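Subject: Structure for you to look at

Hi there,

Here is the structure I promised to pass on. Please open it alongside this email, and I'll go through what turned up.

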Amino acid sequence: MTSPIAISFVDTDLAALEGAQGKLGLLVSPDGKLDPAGRRLSRLTRGALARLVESPAWEKVKPGEGVVLNWPAGLAAAGLMAVKLSRRPSPEEARRAGASLAKFKGAEALLVAAGGTARIADLALGLALRGYDFTTHKTGEKDQPQDARIMVAKPDEARANAAALLAVAEGVFFTRDLINEPANVLTTRDFAARLEGMRALGLEVEILEEADLAKMGMGALLGVGQGSESPSKIAVLQWKGAEGAPLALIGKGVVFDTGGISLKPPGGMEDMTMDMGGAGVVAGVMHALARRRAPAHVVGLIGLVENMPSGTAQRPGDVVTSMKGDTIEVINTDAEGRLVLADVMWYAQDRFNPAGMIDLATLTGAIIIALGHENAGVFSNNDALCNAFLKAAQAEGEGAWRMPLGAAYDEKLKSRIADMKNVGGRDGGAITAAQFLQRFVKPETAWIHLDIAGVASVKSDTMLAPKGATGWGVMALDRLIRDHFEG
């Protein structure tokens, strides 16, 4: 697993600024007023820093962003970044400041003079998250990222405040690594093995094999994977940090999706290595809960399959029987994720009787048409749970937008020969997919469906992640659990 850079919190030592190697960071208030560290650095740089923050250019810098002085005279450091940040920034501004410092840092050591600025834990989180780089499959000599030190007025307090957030950052990294892995590496077997390795964190991990799934009547899930040589599995991860009914997190883990017999066009098919994004998020959340020893009872269930075309593959027109007992006419084998989730969701309710259930899936291209890459689609049968999640997502800066459900959409799933069909046409495709899933939610279960197709992996950098896997959802779900499911 890719590890976040080591971040330590140390007492302010102005004398250390002159000889610090690597890179230096300084937090400067929007008005350009320098604190003692800033005044010291300005003297060492022969007034260059003071001229910078007094210039018109400083006024154009946005909160959380910075300006760099390269190879500043009077300092041993290769660069000095002045970051505009108020003494009491918002969490987003503090995380943006950390992200700016991470991009400036690169692989070199970093020393940040933070003074008495509040929300240092959020700054550290931004620094950790934006420092991610997936280099597992690159050959040749690799730069080993050096650590970062943050000089603060109260290092022990900053260290304690940052501990839980940095544990969540590890969960985000775990998710990003899983989503970034190519499908010839992250097979269903390899994915299951990585999840089994989480026992070392204190999680209970159980892997259900195809024979187990067949005995339970999971014809919907097994039908998706029957064309692949990689065996279908369900992983059950439990974190028992409290008593009572658990929150159930359900992840779609299609390790590669060709579309099956309803073959996808070749352009962009290489991106379907990320079709296990929902499973990756569930794994990352469980990792975070275990690392911060959360006082909550949460179970994560992950359906692992590969959707391949072959002589044994499921065909359009086939009828499969779900664990619930409902029959499904498979109109399009590329609408496979909902078949996987249907059986896993029903199993989760039967076995755990959860206090709430949230499924995550890179489910439809339709949600990208509707919301782009800024927001995940949120569908729910329970206003209280849904609103709690939306509040958590907003607090963590992870875009989420509630979408409708309704009987008119459900009508589109009627089948002539089975209880339902797995697609309802092109119009409202993300909604009819959610309607399909709702048929496998018991009336008493509070449920959210998160369609993360547009946010799980992106083509350009975001504030807290380089292009590729974002880890979207780990922070929002961790916040939801902290706020509503911890004793």
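Leu 360 stands opposite Leu 450, a residue of strand E17. Please keep in mind that we are looking at a predicted model. The strand pair behind that match is E13 with E17 (residues 447-451), which run in the parallel sense and are joined over 5 bridges. E13 also pairs with strand E9 (residues 247-257), again in the parallel sense and over 5 bridges. In that pairing, Leu 249 has Ile 358 of E13 as its bridge partner.

Strand E13 itself covers residues 356-361 and is mostly covered, with 6 of its 6 residues buried. Which residues point each way from E13? Gly 356, Ile 358 and Leu 360 point one way, while Met 357, Asp 359 and Ala 361 point the other way, and all of them are buried. Ile 358 and Leu 360, the residues in the two matches above, thus sit on one side of the strand.

Now to the open space, which I suspect you will want to see. The largest pocket has a volume of about 1300 Å³. Its lining is made up of 42 residues, and those closest to the pocket centre are Lys 264, Met 272, Thr 364, Gly 365 and Ile 368. Several elements give two or more residues to this lining: the helices are H7, H12 (337-352), H13 (366-371) and H16 (429-438), and the strands are E9, E18 (457-458) and E19 (468-469). Strand E9 is the one that pairs with E13. By class, the pocket lining has 14 nonpolar, 15 polar and 13 charged residues.

There is enclosed space as well. How many cavities of 30 Å³ or more does a search of the whole structure find? The search finds 2.

- The largest cavity has a volume of about 50 Å³. Its lining residues are Gly 223, Val 224, Gly 227, Gly 260, Ile 261, Asn 307, Met 308, Ala 313, Gln 314 and Thr 333. By class, that lining has 4 nonpolar and 6 polar residues, with no charged ones.
- The second largest cavity holds about 40 Å³ of space. Arg 95, Leu 125, Leu 165, Val 168, Glu 396, Met 475, Asp 478 and Arg 482 line this cavity. Helix H7 (155-180) and helix H17 (474-484) are the elements that give two or more residues to its lining, and H17 has the largest share, with 3 residues. The lining of the second largest cavity divides into 4 nonpolar and 4 charged residues, with no polar ones.

Helix H7 is also among the elements of the largest pocket's lining, in case you want to view the two sites together.

One last residue to look at is Asp 343, which is in helix H12. Is Asp 343 buried or exposed? Asp 343 counts as buried because its relative accessible area is 0%, and the cut-off for buried is under 20%. Leaving aside residues up to four places away in sequence, Asp 343 touches Met 218, Gly 219, Ala 220, Leu 221, Ser 322 and Met 323. With Ala 220 there is a specific atom pair to check: the side chain of Asp 343 reaches the backbone nitrogen of Ala 220 at 3.1 Å. Asp 343 and Glu 329 are 14 residues apart in sequence, and their C-alpha atoms are 15 Å apart in space.

Happy browsing, and best wishes!

How values were computed:
Residues are numbered from 1 along each chain as its sequence is written. This is a predicted model: local features need pLDDT of at least 70, side-chain atom pairs count only at pLDDT 80 or more; totals for chains, interfaces and linings use all residues. Side-chain values use heavy atoms; hydrogens and water are left out. On a 1 Å grid over the protein atoms alone, a cavity is a set of points where a 1.4 Å probe fits but cannot get out, and a pocket is an open set with protein on both sides within 12 Å along at least five of seven lines; lining residues have an atom within 4 Å of a point. Grid points are joined across faces, edges and corners, and a volume is the space filled by probe spheres set on the points. Ala, Val, Leu, Ile, Met, Phe, Trp, Tyr, Cys and Pro count as nonpolar, Asp, Glu, Lys and Arg as charged, and the others, Gly among them, as polar. Helices (H or I, at least four residues) and strands (E, at least two) are DSSP runs, numbered from the N terminus. Buried means under 20% relative accessible area, exposed over 50%, partly exposed in between (1.4 Å probe, protein chains only). Two strands pair if DSSP finds at least two bridges between them. Contact means heavy atoms within 4.5 Å. A polar contact is a pair of N or O atoms within 3.5 Å; within protein, one must be able to donate a hydrogen and the other to accept it, and residues adjacent in sequence count only if both atoms are side-chain atoms.
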